[in-house]
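Dear colleague,

I am passing on the structure we spoke of, with a short account of what was found around its ligand. Please read the notes below alongside the sequence and the coordinates.

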Amino acid sequence: MIRTGDEYRYSINTGRDIWIDGEKVEDILNHPVFKPAIDVRARIYDMAHEDKTRSIMTYEADGETNSIAHKRPYSEQDWLDKRRAVEAVLDDVKGVVTRVGDATIGEMWSLYDGRDVLNEVNPAYADNISRHLDDAVTADLFQVSANTDPKGDRSRPPHEQDPDMLLHAVAETPRGIIVRGAKYETAAAYANRAFVKPTIANWGNSELSEYALGFSLDMNTPGLKFICRSGFAGRQKPEDYPLSNRVDEVDTLVVFDDVEIPWEDVFFYQHTKAATYIRQTLHRYSAYPFVLRVIRLADMLIGTALWNVKQTGLDKVPAVQEKLARLACYREGIHAHLTAAVKLGETSPGGLYMPNQSLLYSGRILASSQLPEMMHLARELCGGQMVLTPDYASFQHPETGPWLNKFYSVNENWVAEDRRRLLAYARDLLNSDYAGHRVTFQLFAQSPPFANSDALYRSFDWNHSLDVVKEAAGLSDNILPERYAKDLALSGAGA
Ligand SMILES: Cc1cc2nc3c(=O)[nH]c(=O)nc-3n(C[C@H](O)[C@H](O)[C@H](O)COP(=O)(O)OP(=O)(O)OC[C@H]3O[C@@H](n4cnc5c(N)ncnc54)[C@H](O)[C@@H]3O)c2cc1C
């Protein structure tokens, strides 16, 4: 089943307890901060129905039309189709959006891989896992990810501080479990469901914990409060900040004030082994769409820098070309990692086709760790005029406009309005509040850098490198009694 944009809007317009900038949100669909993000998500739904994009966005199975984004991956082609659909969305919205569903649904496929392990730990929830996995494909819901708690003082165990710093179960009822705490979730206020699970945790030797719980959360559940960070949309004119006003995705602290989670939505409960397992496999699929967005970001950096140096005639200078080549190398490095990861994909324990884990996780580190440097390079190539340029209103005003038109007309091909537009776009991409937030998003939103390194550490084939040196150096057989196990069941890591 595929929904329309309006059906999606209807599903979230349910009077949720949403707050921003110290005010309660009464009309989320038309609120200046939320409207752009909701319109983007609705647009993605509508693209699935339009002649031009239907075949890119959907597939047919068992007489039903479903979203490509939600399709479980069984082949290389499935990943290529997903990539094409994401690129169609980014083309359409003219910017980068990440938390629109396709980047979080992969966490459910990790659950699919882990269903046998989870059932072994506690078979009570097997049906719930299967049903939600099917729903993820057929119900076309917009699902987000809930991993990160406020966490509190990590030098002390949860019981020696406010226990709500980590989400936990406080009671059981005949209908379900009562949950208290909070989670950070991008896009939560306008999503349908979230896959909620514990953050990275050291469970020690304890087998059972009220903090070890995973479930599917219906965002319309009573008791949830959505406290959102200030938005970038609506603050300044779209002419001056085009990206802030078009593609800002609103992050939210979702407070669970004794929220009842029905038993039928619970995936695991109390067993720390289940929680550990799901954390360690969480991003084996979802890292792909997360990193894919950075290719588009890199395209935006390259295009902005190149248009600027073309405008100013600097594109013929070898030192400038060298800097552009570094940007291209960054872009192609990520592209190569993702392409190879799909080409050399691996079969998961659940029989799905997962991107080659070592290549995927090294691509994630490359993309995230070098982004600040690449943004700085693009900033350098754009020059200081990016931040010195007056705003749109000054270009329009009869007193100042003629002066600005004179000084911003570069030559017969580059009129002042094109130069103003490019510099405004560059400022928003590289220097605005939105730009800084975007870098932080890539740094943390899937998991922090140490967890990204950990995921690669557990996926890389260390034995091969050891063998190369053992042979070359003529080392004896006694020195390596233990080999590194490449455990596909546990490859990957999350935040
Ligand atoms: C823009 C944005 C959007 C986000 N969206 C979501 C979302 O949709 N869903 C979601 O669940 N979360 C989301 N997050 C939260 C994100 O997952 C966390 O920020 C991230 O996991 C880091 O956790 P933290 O912020 O508590 O930082 P901390 O845990 O306080 O970590 C800060 C730093 O401390 C160090 N550190 C901490 N622990 C260790 C350790 N064990 N070993 C080594 N070093 C360590 C590292 O240097 C780390 O980077 C988002 C974050 C951002 C910034």
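The domain bounds used here come from an automatic or database domain assignment. With those bounds, domain 1 (5–281) and domain 2 (287–457) each contribute at least three residues to the shell around the ligand. Please keep in mind that this is a predicted model.

The ligand is surrounded by 20 residues, and the closest of these are Arg99, Asn147, Lys151, Arg154 and Thr186. By character, the residues of the shell divide into 9 nonpolar, 6 polar and 5 charged.

As for individual contacts, a polar side-chain atom of Arg154 lies 2.6 Å from an oxygen atom of the ligand, while an N or O atom in the side chain of Thr186 is 2.7 Å from a ligand nitrogen atom. Tyr184 takes part through its backbone, where a polar atom is 3.1 Å from a nitrogen atom of the ligand. Taken alone, the ligand exposes 950 Å², of which the protein buries 65%.

The space that the ligand takes up is the largest pocket of the model. The elements that give two or more residues to the shell are the strands β5 (143–146) and β7 (176–186), together with the helices α17 (433–444) and α18 (449–457). Of the shell around the ligand, α17 provides the largest share, with 4 residues.

With best regards

Key. Residues numbered from 1 in each chain as written. Predicted model: local features only at pLDDT ≥ 70, side-chain atom pairs only at ≥ 80, totals over all residues. Heavy atoms only, no water. Near = heavy atom within 4 Å. Polar contact = N/O pair within 3.5 Å; in protein donor to acceptor, adjacent residues only side chain to side chain. Areas by Shrake-Rupley, 256 points an atom, 1.4 Å probe, with all protein chains shown as cover. 1 Å grid on protein atoms, 1.4 Å probe; cavity = no way out; pocket = protein on both sides within 12 Å on 5 of 7 lines; lining within 4 Å. Sits in = over half its atoms within 2 Å of the grid points. Nonpolar A, V, L, I, M, F, W, Y, C, P; charged D, E, K, R; others polar.
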